[in-house]
Amino acid sequence: SLSDRLTQALANLRNKGRLSPADVDSTVREIRRALLEADVNLDVVKQFTGRIRERALEASASQALNPAQQVVQIVNEELVGILGGQQRRLEFAKRPPTVIMLAGLQGAGKTTLAGKLARWLVKEGHRPLLVAADLQRPNAVTQLQVVGEQAGAAVFAPEPGNGVGNPVRVAKDSMRFATDKQYDVVVIDTAGRLGVDADMMKQAADIRKATDPDEVLFVIDAMIGQDAVTTARAFQDGVDFTGVVLTKLDGDARGGAALSVASVTGRPILFASTGERLEDFEPFYPDRMASRILDLGDILTLIEQAQSAFDEEEARKVAEKFATDSFTLEDFLKQMQQLRNMGSIKKMIGMLPGAKGMREQLDNFDERDIVRTEAIIQSMTRAERLNPKILNGSRRLRIARGSGMTVTDVNQLVQRFEQAAKMMKTVAKGGVPQVPGMGPV
Ligand code: GDP
């Protein structure tokens, strides 16, 4: 993946005390190859590597200390720049309703995004109305109603037999409805085709004209690789948009399309979608994405997710327990149960720094582990949970029997608990945990 290749290219510099122009050239060549393989657009690659080369040569000429770190810094800054620089927030209208129109190819994830946006808007204290103006795809209206319900948002759809086939009218009617019923944000889902097509483009442009949206979000599947740029350009010419939403960033192709689309269209990426569930969605931060691509770890996102899932008071107590060495298996179990609220654990671990080196372990990671862990811990007595040191052979055998696991399973769990407690103790004291196989960059 892009991330692996870039990390590799930069890791080669790690042992260099000083950077020669030849080092710069070979590193830039590696970066170039990594980007091209990740389907980043050629023009973007040229611009990007040109700037990195220039700045890295400067750094090498200045004979600065720790050149590898400097190059990583440069690459990171340039990545952030290409991804749009500053985070751009959604623009809200001064006079509600704010109108957000979604455009993109069929299957890009527009309808799903409408639900995700609605859920997010509700959480932010808004009263969104979803509008079913995708009357092409047979299921689109029903699908929107389903996600609307999940998100706790109202859905405006044409009455059967009334307005069917006229998405522009539906969109227009919805505006009046929103004003009457005091919805403050209107999200309009529009039709897409499998490929770019003149009729679809005209329809989207007509809806745009009729509703004068505050934001037109171009929704693009990050997995479509090189086609992303062509598609984005076609939509920019046909409808134009104010921002981009990347979907399916949970797939393998992370990076390539993201890097190209923002740069080629000059439009910022506002949101990123990372899964099929409504909660797999977050505002897009160029700096965090760059860190993710460079495997610096997306600590900030991780912390935010942790904060929203954990009760803060609870988190404070746990941190204190870690620091004072009084974290028990009972706490461990509680933590594991809370983890479930935090979305996929794999995704979480993927955001930790150096996680690329843990990929193999990740692939072997099975969320059913939690269930097994629960079974084991629940078969322990309170005394055992509070003080795992008393777990002798016969206690372990009893626990194994009680939970339907083997003694080896029990041993492994206890071992893992001890490791985790040790690692968290370091973190709680303000240190950085050592991830196996990863030295500092
Ligand atoms: P639309 O035709 O643009 O409205 O696309 P849909 O919203 O119907 O999405 C097409 C498919 O992509 C559906 O199966 C969604 O569940 C799936 N999907 C949407 N967003 C994501 C995402 O971020 N990650 C993954 N893995 N699947 C997604």
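**Exercise 1. Range of the contacts**

What share of the contacts in the chain with a separation of 6 or more is accounted for by residues 24 or more positions apart?

*Solution.* The structure is a predicted model. Within it, residues 24 or more positions apart account for 75% of the contacts with a separation of 6 or more. The chain contains 20 helices and eight strands. Of its 441 residues, 37% are buried.

**Exercise 2. Confidence of the prediction**

Determine which stretch of the chain has pLDDT below 50, and state how it should be read.

*Solution.* Begin with the chain: its mean pLDDT is 82, and 79% of its residues reach 70 or more. The pLDDT is below 50 over residues 432–441, a stretch with 13 contacts in the model beyond near neighbours in sequence. Where pLDDT is low, the predicted coordinates should not be read in detail. For the complex, the predictor gives an ipTM of 0.99 and a pTM of 0.70.

**Exercise 3. The surroundings of the ligand**

Describe the shell around the ligand by its residues, their character and the element that supplies the largest share.

*Solution.* Step one is to count: 17 residues surround the ligand. The closest are G109, K110, T111, T112 and S273. Step two is to sort by character: one residue of the shell is nonpolar, eleven are polar and five are charged. Step three is to assign elements: helix α5 (residues 110–123) contributes three residues, the largest share of the shell.

A record adds a further annotation. UniProt, in an unreviewed entry, lists residues 268–281 for "domain: SRP54-type proteins GTP-binding". In the model this span is 0% helix and 43% strand, and its end C-alpha atoms lie 17 Å apart.

**Exercise 4. Strand β1 and its partners**

Establish whether strand β1 (residues 98–103) is enclosed or open, and identify the strands with which β1 pairs.

*Solution.* First, consider burial. Six of the six residues of β1 are buried, so the strand is largely enclosed by the rest of the structure. Next, separate the two faces: T98, I100 and L102 point one way, V99, M101 and A103 point the other way, and all are buried.

Then turn to pairing. β1 runs parallel to strand β4 (residues 185–190), with five bridges between them. β1 is also parallel to strand β5 (residues 215–221), to which four bridges join it. I100 illustrates both pairings: its bridge partner in β4 is V187, and in β5 it stands opposite E215.

**Exercise 5. Helix α10**

Decide whether helix α10 (residues 256–265) is mostly covered or mostly uncovered, and say what follows the helix.

*Solution.* Nine of the ten residues of α10 are buried, and the helix is mostly covered. Among the buried residues are G256, A257, A258 and L259. After α10 comes G266, whose phi is positive, near 70°.

**Exercise 6. Two alanines**

Classify A133 and A234 as buried, partly exposed or exposed.

*Solution.* A residue is buried if 20 or more other C-beta atoms lie within 10 Å of its own, and exposed if 12 or fewer do. A133, in strand β2 (residues 128–133), is buried because 33 other C-beta atoms lie within 10 Å. Residues that A133 touches include P167, V170, I188 and I207.

A234 belongs to helix α9 (residues 227–238). Since 16 other C-beta atoms lie within 10 Å, A234 is partly exposed. A234 and L217 are 17 residues apart in sequence, and their C-alpha atoms are 14 Å apart in space.

How values were computed. Residues numbered from 1 in each chain as written. Predicted model: local features only at pLDDT ≥ 70, side-chain atom pairs only at ≥ 80, totals over all residues. Near = placed C-beta within 6 Å. Nonpolar A, V, L, I, M, F, W, Y, C, P; charged D, E, K, R; others polar. Contact = placed C-beta atoms within 7 Å. UniProt positions renumbered as here; feature names shortened; annotations may be inferred. pLDDT = per-residue confidence, 0-100. Pairing = 2+ DSSP bridges. Lists of a residue's contacts leave out its neighbours within four places in sequence.
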